[in-house]
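Got your viewer open and a selection box ready? Let's walk through a few stops together.

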Amino acid sequence: MNERVAQEPRADQRSPTRGLGGARRGPRTLVPALLAAVAYVDPGNFGVNITAGALHGYSLVWVVVFASCSAMVIQYLAAKLGMVTGKSLAEHSSERFPGVGRVLLWVQAELVVVMTDLAEIVGGAIALRLLFGMQIMAGALCVTAFSLVVLALRFRGRSQFESVVLVLLVVVIASLAWQVGIADVDSAALLRSLVPAPLDSSAALLAVGIVGATVMPHALHFHSAASRGDVRTPGAGPALHHGDADRLAQRLRAGRRTVRSVVIAMTVAGAANVSLVVFSAALPSGAGAGIETAYAALLAHAGQLAATMLAVALLASGLASTLVGVRTGDVVMQGFGRRPIPPLLRRLLAVVPALVLLWLGVEPTSALVWSQVVLSFALPGTLVPLLLFTRDRRLMGALANHRLTTAAAALITAVIAGLCTYLVLQGF
């Protein structure tokens, strides 16, 4: 047991690729949590939350709050899995469910990546049309080209990748704070909206989309991989219970840091999503639903600066989530693939559905909303394996889930599955 600890490589000897590249500066758990939070303010969130606010006012704010609180629990589990075991969710899923199970989970994960790419490309294309008058298809091709350049550069210096993404996240948050600051917010109605209320078919569709946009399955794969740099001894949970009190205490402190980091990051993301609903609900009645109609309403009633800030936030969101999406595609392929497809080919295959939909003339905001609905339907298949892994004491050791944590995660999974079922019964 002591020999096992003695053989552990020092931090400066570990492979630089295990934590998605390079040594980490600053808080070890906060940076991955903030990077994962980018997925919670991607263009899909813009589409579904702005539509929800325009059509239903503040009435779906409680869904955003529920989804944000759920994301805190789920993201903590994903980060903990990578930190303790040194393996991503995709790697564990591939090992634990061989054969048909691995293939089904892989297909589901790739579908999630495709839907996420769709939201990134469509959202970026809308932003380029609003800012520069670019045709939607031309904008989509520009965003696609950006993602391919990112893939070619690979951002081998970890600080470059992190800095670019975090700067874009700051731009998004600042822009949305500006929108709420100038909006005419009904504080009393906003407080009443925190109480859950019945959902009609239209609201149910948007509620499912909000959950998919907020508890994003691809962010779980990304966060579990991004946290692998904090690993001490993969699979050494039981040994820590019996032979190394100092290491056990260190592991528990790391767990508490992870909790704090996830709470901070998800609070930021949750506030951004509530801001999207709030400012769109405050737009003049009859303005219509959708990102472009929100832009037009802001331009007419709040001026060029407010409208431009919205478009800039959308573009920054699309570019930041594209960076995270490229990494997530790599994580999924490395975890499930035994005969990996060349990264460039895989990326091209992932963006084809988005380009085809836009070429066919599908309304962009509707494409965003439906992409998030698909993500909601994919969530249970991602959450169940994550829950099984993180409650396994043989795998997680001292950081195996407490019974209350397992119960909370199981309840979240059941509620999400129930919302999806309700939407199906409503006939979409």
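**Stop one: a nonpolar patch**

Select Val362, which is partly exposed, with a relative accessible area of 32%. Keep in mind as you zoom in that this is a predicted model. Val362 sits in the loop between helix 16 (343-359) and helix 17 (364-390). Now add Val352, Val356, Trp359 and Leu360: together with Val362 they form a nonpolar patch on the surface, with about 490 Å² of accessible area. Val362 can join because patch members need over 30% relative accessible area, and this valine has 32%.

**Stop two: a positive patch**

Next, pick Arg256, in helix 13 (residues 245-281). How exposed is Arg256? Its relative accessible area is 47%, so it counts as partly exposed. Show Arg253, Arg257 and Arg260 as well, and you have the rest of a positive surface patch that includes Arg256.

**Stop three: a covered helix**

Jump to helix 11 (residues 217-226) and turn on a surface. This helix is mostly covered, with 10 of its 10 residues buried. Among them are three histidines to click on, His218, His221 and His223, along with Pro217, Leu220 and Phe222.

**Last stop: two cysteines**

Finish by selecting Cys69 and Cys142. Are they buried or exposed? Cys69 is partly exposed at 43% relative accessible area, and Cys142 is also partly exposed, at 39%. If you're hunting for disulfides, you can stop here: a search of the whole structure turns up zero.

Terms used. Residues numbered from 1 in each chain as written. Predicted model: local features only at pLDDT ≥ 70, side-chain atom pairs only at ≥ 80, totals over all residues. Heavy atoms only, no water. Disulfide = S-S within 2.5 Å. Buried < 20%, exposed > 50% of the residue type's maximum accessible area, 1.4 Å probe, protein only. Patch = residues over 30% accessible without salt bridge, like charges linked within 9 Å, V, L, I, M, F, W, Y side chains within 5 Å. Areas by Shrake-Rupley, 256 points an atom, 1.4 Å probe, with all protein chains shown as cover. Salt bridge = Lys/Arg side-chain N within 4 Å of Asp/Glu carboxyl O. Lys, Arg positive; Asp, Glu negative; His and termini not counted. Charge placed at Lys NZ, Arg CZ, Asp CG, Glu CD. Helix = DSSP H or I, 4+ residues; strand = E, 2+ residues; numbered from the N terminus.
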